[in-house]
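Here are my notes on the model you sent over, as numbered points. Have the structure open while you read.

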Amino acid sequence: MLEELKGKELQKKLTKKFNNAWEQLKDGDLNKVMDFAEGYKEFLDKGKTERESTDEIVKQALANGYISFEEIMARGQIKSGDKIYAVNRGKGVVLFSIGTKSLDKGMRIVGSHLDAPRLDLKANPLYEDGGIGMLKTHYYGGVKKYQWVAIPLALHGVLFKKNGEKVNLVIGEDEKDPVLYITDLLPHLAKDQMEKKMGEGITGEGLNVIIGSIPYKDDEIEEKVKLNILSIFNERYGIEEEDFTIAEIEIVPAGKARDVGIDRSLISAHGHDDRVCSYSALKAVFDAKNSEETIVGLFVDKEEVGSMGNTGMESTFFENVVAELLNLQGKTSYLDLKRAFSNSKVLSGDVTAGFDPNFPDVHDKRNGAFIGKGVTISKYTGSRGKSGSNDANAEFLVHVREVFNKHDVTWQVGELGKVDQGGGGTIAYILANKGAEVVDCGTPMLSMHAPVELVSKIDLYETYRAYKAFYQG
Ligand code: MN
Ligand code: MN
């Protein structure tokens with residue numbers, strides 16, 4: 001057969017070219033891409049923390065006919081076609097669409113994370129210095145500290161009053177809200193700072209947030225600015241300084257997701273890593289048609305700090321929920337739980353670095369992902385010789401390639417960067433350690449972990465299409 005092909009035809013047949021996904025769009029599909037991005041931008045604006053994202057996912061799940069895990073447990077039975085959501089302490093959630101096969105036959109899972117790099121308030125944050133009220137922070141995840149100064153910031157958090165009442169704080173997102181701010185040194189006085197390495201010019205202890213500057217009117221007392229800030233918090237929200245010591249408060253960039261480019265092809269926002277995969281998975285769970293296998297949208301917390309704790313992927317939460325559902329299917333043996341995991345197929349939905357023309361030296365252009373070339377399969381992650389990586393099995397990738405090609409998904413391969421340039425990890429290895437087949441598959445992006453990051457709308461859309469294809473098989 002091949003002898004009949006010559007030149008261009010033979011080249012087309014034998015070589016693999018990763019196409020630009022915009023060019024693969026069928027007539028009329030451009031609107032679908034743009035509309036999908038609008039929904040994503042709303043999702044980003046409503047959820048700027050793992051808690052807010054969880055709430056938004058639950059809201060959308062309820063609107064799509066999902067019922068709570070607690071309700072299912074009270075009912076005491078499940079059947080195929082049931083749609084269930086289970087919330088993990090308000091910071092993570094898992095959606096199940098139950099298939100005709102029991103869970104021990106395996107699930108199709110897309111796992112992504114809802115937490116993003118940011119600044120957290122310390123336990124005793126509020127102080128006053130030089131007539132300015134400040135909040136002390138401890139950064140969360142891999143941030144470049146110098147990126148967090150001199151930009152408008154918002155505060156999102158959860159506090160509890162002494163009477164147990166929960167207060168959800170959001171300051172800085174409404175256009176009429178004040179924002180917060182971290183100063184940088186004026187260039188006129190930055191001689192010493194400018195000679196430092198970039199990683200040292202702004203320190204972790206230097207990331208203190210301005211929260212006010214009007215003194216409380218009283219000649220008798222010290223720390224008048226601090227008292228005035230506390231009295232405003234108390235007046236508006238009924239909280240006291242002690243309530244901050246047990247609170248969870250995050251500082252994120254203020255403002256909404258925005259289109260980027262004259263052609264509106266990209267989106268800038270806080271927390272694309274990893275809400276771009278989360279949103280794609282969410283919509284794919286809702287839209288996928290698969291009556292046989294149970295399909296699962298898994299949204300976890302704490303990925304950016306190593307997946308530890310009872311809201312991270314390392315926790316037993318997901319396993320426990322699966323065990324409870326198996327029990328309702330009459331599968332009560334520990335073996336059934338083991339089988340449920342070892343028979344499962346997983347896409348670990350996380351972002352990867354796209355080729356950045358401003359920093360071409362860190363990429364291997366033959367193996368790195370490109371913006372606009374669609375969803376990215378990363379066979380392995382890790383650093384220094386794939387260390388710490390889930391290295392997906394070729395046999396499983398046969399399946400992934402088959403479903404992506406069957407559904408015309410525009411996909412590419414992507415290794416995070418050049419060998420020994422750095423590296424990264426995801427939740428992939430955790431589910432793989434339980435016996436599931438797992439591969440990293442997500443959206444390429446630019447400026448990863450910056451306060452405001454960048455993704456392409458077509459890559460977002462192809463990520464959604466890839467997850468839906470994977471669920472449907
Ligand atoms: Mn991530
Ligand atoms: Mn990350």
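1. Let me start with the aromatics. Phe36, Tyr40, Phe43, Tyr279, Tyr461 and Tyr464 come together as one aromatic cluster. Keep in mind throughout that this is a predicted model. The total for the structure is 14 aromatic pairs.

2. One of those pairs is Phe18 with Trp411, an edge-to-face contact with centres 5.9 Å apart and 65 degrees between the planes. Phe18 sits in the loop between helix 1 (7-14) and helix 2, while Trp411 belongs to strand 18 (residues 411-413), so the pair ties together parts that are 393 residues apart in sequence. As for burial, Phe18 counts as partly exposed at 23% relative accessibility, and Trp411 is buried at 12%.

3. Another pair to look at is Phe233 and Phe244, which is edge-to-face too, at 5.2 Å centre to centre and 80 degrees between the planes. Phe233 is in helix 8 (residues 224-237) and Phe244 in helix 9 (residues 241-245), eleven residues apart. Both Phe233 and Phe244 are buried.

4. Now the metals. Which residues hold the manganese ion (ligand 1)? His113 does so through NE2, and Asp273 and Asp350 through OD atoms, with Asp350 listed twice; the distances run from 2.1 to 2.6 Å. Along the chain the donors follow the spacing H-x159-D-x76-D. His113 lies in strand 4 (residues 107-113) and Asp350 in the loop between strand 14 (345-348) and strand 15 (352-353), so these two donors tie together parts that are 237 residues apart in sequence. His113 and Asp350 are both buried.

5. The manganese ion (ligand 2) is coordinated by Asp273 (OD), by Glu304 (OE), which is listed twice, and by His449 (NE2), again at 2.1 to 2.6 Å. Here the donor spacing is D-x30-E-x144-H. Glu304 comes from the loop between strand 13 (294-300) and helix 11 (317-328), and His449 from the loop between strand 21 (444-446) and strand 22 (453-456), so this pair connects parts that are 145 residues apart in sequence. Glu304 is buried, with a relative accessible area of 14%, and His449 is buried as well, at 18%.

6. What links the two manganese ions? Asp273 does: this residue bridges the manganese ion (ligand 2) and the manganese ion (ligand 1), which are 3.3 Å apart. If you set up parameters for the site, Asp273 appears in the donor list of ligand 1 and in that of ligand 2.

7. On to the pockets. The largest has a volume of about 1400 Å³ and is lined by 50 residues, with Ala353, Val362, Leu416, Gly423 and Met448 nearest its centre. Several elements supply at least two lining residues each, among them helix 7 (198-201), strand 16 (375-378) and strand 19 (423-424). Strand 20 gives the most, with three residues. The lining of the largest pocket splits into 15 nonpolar, 23 polar and twelve charged residues. Domain 1 (16-116 + 270-472) and domain 2 (119-253) each contribute at least three residues to this lining.

8. The second largest pocket comes in at about 410 Å³. It has 19 lining residues, of which Gln24, Asp408, Val409, Thr410 and Arg465 are closest to the centre. Helix 2 (21-24), helix 3 (29-46), helix 13 (394-406) and helix 15 (457-472) each give two or more residues to the lining, and helix 15 has the largest share, with three. By class, there are seven nonpolar, four polar and eight charged residues around the second largest pocket.

9. Last, the enclosed spaces. How many cavities of 30 Å³ or more does the structure hold? There are two. The largest cavity has a volume of about 80 Å³, and its lining includes Asn88, Leu298, Phe299, Met313 and Phe318. Strand 13 gives the most to this lining, with three residues. The lining of the largest cavity has seven nonpolar, five polar and no charged residues.

10. The second largest cavity has a volume of about 30 Å³. Among the residues lining it are Thr381, Asn390, Tyr429 and Asp440. This lining divides into two nonpolar, six polar and one charged residue.

Methods. Residues numbered from 1 in each chain as written. Chains lettered and ligands numbered in written order. Predicted model: local features only at pLDDT ≥ 70, side-chain atom pairs only at ≥ 80, totals over all residues. Heavy atoms only, no water. Donors = N, O, S within 2.8 Å, 3.2 Å for Na, K, Ca; no water. Helix = DSSP H or I, 4+ residues; strand = E, 2+ residues; numbered from the N terminus. Buried < 20%, exposed > 50% of the residue type's maximum accessible area, 1.4 Å probe, protein only. 1 Å grid on protein atoms, 1.4 Å probe; cavity = no way out; pocket = protein on both sides within 12 Å on 5 of 7 lines; lining within 4 Å. Points joined across faces, edges and corners; volume = space filled by probe spheres on them. Nonpolar A, V, L, I, M, F, W, Y, C, P; charged D, E, K, R; others polar. Domains from an automatic or database assignment. Phe/Tyr/Trp six-rings, centres within 6.5 Å; stacked < 30°, edge-to-face > 60°.
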